[in-house]
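Let's take a walk through this fold, sheets and helices and what packs between them. Have the viewer open and follow along.

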Amino acid sequence: MTAPSTLRLAQFNLSLAGRQAGEIKAKMLAPTPSRQIKNLAATLQRVRPDVVVLCEFDHPGNGGDDGALAAFCERHLAESQHGDMPIDYPYRYLPATNTGLKLTVPVSEHQHLTNAQQCHGFGDYHGQFGYVILSRYPIEDDAIRTWQHFAWHQLPHHQLPAEYYTKQAQQALRLASKNLVSVPILVGDERIQVVACHPTPPVFDGPEKRNWRRNSDEIHQLIGLLDNADWLVDDKGAHGGLSTETPFVVIGDLNADPSYGDGDKQAIGALLNHPRVHPEVALGAQVPKSEAARSHAFRFIEGKGRAIATHNGGLRLDYVLPSRELAVLASGVFWPAPDDADYPLICDKNGQEHARVHSDHRLVWVDVALS
């Protein structure tokens, strides 16, 4: 493939988590595709990202494909949806995930926990709520780094609530609710590091605020990767994160809004203000946005719409954050307005937007120039 002059990078939470293992695979292989799957595929065909992180796409959890991702690519993305041009992603990566991976020690002496709450990352089965990476350009598989096994207590100044977890769990529990990965993408003569993660939502907990603390600390781990911190040890035992010469893009549903919602504003603010992150995409004029979002009465923020929202609730949760040295050409959020021809992709027959026909998140994209 000829090296392009522009690379489009995207984040898209598909909301494709099944109630039981194999459910998403069955939907992908069904003779008649669901409206949701057709609409999600059509969205990707219309935006046409070169590299995209798809959150909440179930897979076996150990880094393998049970056929669901292959079916999505080969039966849906490779087939025209609503008249759109098919798109091919020959390079795919399914990071192993902590979701649904049960701890082998008692978790808490103070609470009656469900099976999903007794796992390294919340999940009814291994691989639920996992994420995948699709690329039109080669992935340098041998150079991928992961931090799936990094323990929560290893993070400097961690916020692990000792009053909630047993002593055994405090030592064993991993920090990443899914996984933190650094994936090199080769585009012509250039090598761009895709840093992907999906921190746990900072809600659904109790007075100990274990999920709020974990979301905050997962973001701090991500910051440590950008800082090339020596305390950060990957799954092969190598210390440090990204070198200062490495161009990168952080992509993920971070479940944190810098101004509203329940997350740690200081943590997400520290990431967005990081000296290595492109300031205009993080907080300036090139923050991805959609004017259609302004018309929504969002429950979190007193009925006011926000053009930078990426979630139906009105929060900015999904991010594509290039490094400062990358030249950003354009950015956006795929959020068609009611009078837009694309609006049927995100709404039902009654004009209501919800996850059963699309997702509760919107696709976020950023175009960067390549030398």
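What follows goes through the two sheets, then the helices, then the cores. Keep in mind that this is a predicted model.

Start with the six-stranded sheet. It's open, the pairing is mixed, and the strands come in the order β3-β4-β2-β1-β11-β10. On average, the twist from one strand to the next is 15°. At the edges you'll find β3 (91-93) and β10 (328-333); each has a single partner strand, so one side of each is left without a neighbour in the sheet. Look at the β10 end: five bridges hook β10 up to β11 (residues 364-369), and the two run antiparallel. If you want one pair to click on, S331 has V366 as its bridge partner in β11.

Now for the other sheet. This one is open too, with five strands in the order β5-β6-β7-β8-β9 and mixed pairing. Here the edge positions go to β5 (145-146) and β9 (318-322), and since each of them has a single partner strand, one side of each has no neighbour in the sheet. Inside the sheet, β7 (residues 190-196) and β8 (residues 248-253) run parallel and are joined by four bridges. V195 is a handy marker here, as it sits opposite V250 in β8.

Back to the six-stranded sheet for a helix. α2 (residues 35-47) lies across β1 (6-16), β2 (51-57) and β11, and runs at about 170° to β1.

Then there's α3 (residues 68-77). Why can we call α3 largely enclosed by the rest of the structure? Because eight of its ten residues are buried. Those in question are A68, L69, A70, A71, F72, C73, H76 and L77. Their cover includes β1, α1 (23-29), α2, β2, β3 and β4 (131-135), so helices and strands both contribute to it.

That brings us to the nonpolar cores. The largest has 66 residues, and the ones with the most contacts inside it are L54, F57, F72, L77 and I133. F72 and L77 should look familiar, as both are among the buried residues of α3. I133 is worth a closer look: skipping its neighbours within four places in sequence, I133 is in contact with V51, V52, V53, Y91, R92, Y93, V181, V183, V194 and A196. A second core, separate from that one, has 35 residues, including W147, Y165, L175 and L232.

Key:
Residues numbered from 1 in each chain as written. Predicted model: local features only at pLDDT ≥ 70, side-chain atom pairs only at ≥ 80, totals over all residues. Heavy atoms only, no water. Pairing = 2+ DSSP bridges. Core = buried A, V, L, I, M, F, W, Y, C linked by side-chain atoms within 4.5 Å. Buried < 20%, exposed > 50% of the residue type's maximum accessible area, 1.4 Å probe, protein only. Contact = heavy atoms within 4.5 Å. Axes fitted to C-alpha atoms, helices over the stretch in contact; angles between N-to-C directions.
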